[in-house]
Every structure is written in structure tokens, then in C-alpha cells.
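Here are a few short exercises to work through with the model open in your viewer. Try each task before you read the solution under it.

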Amino acid sequence: MPRPRSTSARAARSAERRAHADYTGGVYGSMLATSVVVGAGTFGPFPRVELAVLLLLTGVVFWIAHIHAQLFGARLAQQPLDSRVIRHVCRDEWPILKAAVPPAAAVALSPLLRLDVQAAVWLALGVALAGQVGWSVAAARRAGANTRMVAGAAAVNLVIGMLIVAFKLVVTH
């Protein structure tokens, strides 16, 4: 029995979105999360909760900022705004917020690993850095890059992430 037309049309649109996925937001969001952890410093009586919330709220704020920039910058000049365009932009910028979740979860779960606050911060840095490299590798692979280019994308993002970590070492010592 053939699928209803609307279901197959939805599946085709979903496949099209996946084929043209842009991982820029994921790389950017991971880099942002790494920077937030570096800049966070010491918080007070509940540093883990505050750091996790700060990571998530920063992701939300930058997600909204990118939506605003897309809708009222480039998009407004090119096409009228309607709910379809707004949903499309929100979905395209979603990886910025999505990238903040793993480091925030690492901080939130760090007590289960019996990590002190400093170790939790380092765990969050590692998770954010791994996300940054992972998103860049996914982007390169999705773009059809050869193995050398994928490795290059990973290496460049690793170096950028390590520079951010080096800034943390300089700031805290």
C-alpha cells in the first residue's frame, strides 16, 4: 500500500534538510560553550548549577540573536516573513543551542563522578571541545570532503579549542 502523499512529501523535505545541513551553528555553539566555561570563573555556593544554567542560557541568548539576525538582516530583504520562514530559521540555528547541552549535562552530572568543581569545569571544557571537533568533522563529511580535509577540519578546530583552553590556564594562574 503506498504512503499518503503528505507523509512522503514530509520525508522528502526531511531528507533534503539533512542533505543540506549546515553544521556552522554546532561548531559555533561548541566554541561558545567552551568560552563560557573559560570565562565563568568561580561562582559561589552552587557553582555546578550556576555553570550549567549559564551554559544553557548563553546558548538560548545566542540562538535568539542568530534568529533575529537572520530574520531581520538577510531574510527580510529577500522575502516576506511568515511562520514557515520563521520556523525554518529557528530550525537552522538550533545547533547553536544544541551544542550547549552536552557541556551543561557534564557539569550537572559531575557529582555522580565524584568530581570537585574544578574537575567539573575541566570536564565541561573537554566535552565542549569534543563537540566543536565533532561538529566540524560532521560538517566536512557531509560536504563530501576527503579524509585529509576531514582531518584538517578536526585539527583546526582542535587547535582553536586548545587556544581557548590555554586562555583558561592563563586567566586562572
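**Exercise 1. Helix α2 and its cover**

Task: Which residues of α2 are buried?

Solution. Start with the list: G25, G26, V27, G29, S30, L32, A33, T34, V36, V37, V38 and A40. Keep in mind that you're looking at a predicted model. Now count: twelve of the 17 residues in α2 are buried, so this helix is mostly covered. Finally, check the geometry: from its first C-alpha to its last, α2 reaches 24 Å, close to the 24 Å expected at 1.5 Å a residue.

**Exercise 2. One serine in that helix**

Task: Is S30 buried or exposed, and what does its side chain reach?

Solution. First, place the residue: S30 sits in helix α2. Next, apply the cut-off: buried means under 20% relative accessible area. S30 has a relative accessibility of 2%, so it counts as buried. Last, look for a polar partner: the S30 side chain reaches the backbone nitrogen of Q132 at 3.4 Å.

**Exercise 3. The second largest cavity**

Task: Which helices each supply at least two residues of the lining of the second largest cavity, and where does the largest share come from?

Solution. Begin with the inventory: the structure has two cavities of 30 Å³ or more. The second largest holds about 40 Å³ of space. Then pick out its lining, made up of G29, L32, A33, V36, L55, T58, G59, I96 and A100. Sort these by helix: α2 (24-40) and α3 (47-78) each give at least two, and α2 has the largest share, with four residues. By chemistry, the lining splits into six nonpolar residues, three polar and no charged. I96 also ties this lining to the next exercise, as I96 is among the buried residues of α4.

**Exercise 4. Helix α4 from end to end**

Task: What caps the N-terminal end of α4, and where does the helix kink?

Solution. Start at the N-terminal end, where D82 does the capping: one of its side-chain oxygens lies 3.1 Å from the backbone nitrogen of R84. Walk along to D92 and you hit a kink of about 35°, shortly before the proline P95. How does the overall span look? With 16 residues (83-98) at 1.5 Å a residue, α4 should span 22 Å, and its end C-alpha atoms are 22 Å apart, so the two agree. To finish, mark the buried residues of α4: V85, V89, E93, P95, I96 and L97. For a general hint on reading such a list, residues three or four places apart in an α-helix point the same way, because there are 3.6 residues a turn.

Note on methods. Residues are numbered from 1 along each chain as its sequence is written. This is a predicted model: local features need pLDDT of at least 70, side-chain atom pairs count only at pLDDT 80 or more; totals for chains, interfaces and linings use all residues. Side-chain values use heavy atoms; hydrogens and water are left out. On a 1 Å grid over the protein atoms alone, a cavity is a set of points where a 1.4 Å probe fits but cannot get out, and a pocket is an open set with protein on both sides within 12 Å along at least five of seven lines; lining residues have an atom within 4 Å of a point. Grid points are joined across faces, edges and corners, and a volume is the space filled by probe spheres set on the points. Ala, Val, Leu, Ile, Met, Phe, Trp, Tyr, Cys and Pro count as nonpolar, Asp, Glu, Lys and Arg as charged, and the others, Gly among them, as polar. The expected span of a helix is 1.5 Å times one less than its number of residues. The bend at a residue is the angle between axes fitted to the seven residues ending there and the seven starting there. Buried means under 20% relative accessible area, exposed over 50%, partly exposed in between (1.4 Å probe, protein chains only). A polar contact is a pair of N or O atoms within 3.5 Å; within protein, one must be able to donate a hydrogen and the other to accept it, and residues adjacent in sequence count only if both atoms are side-chain atoms.
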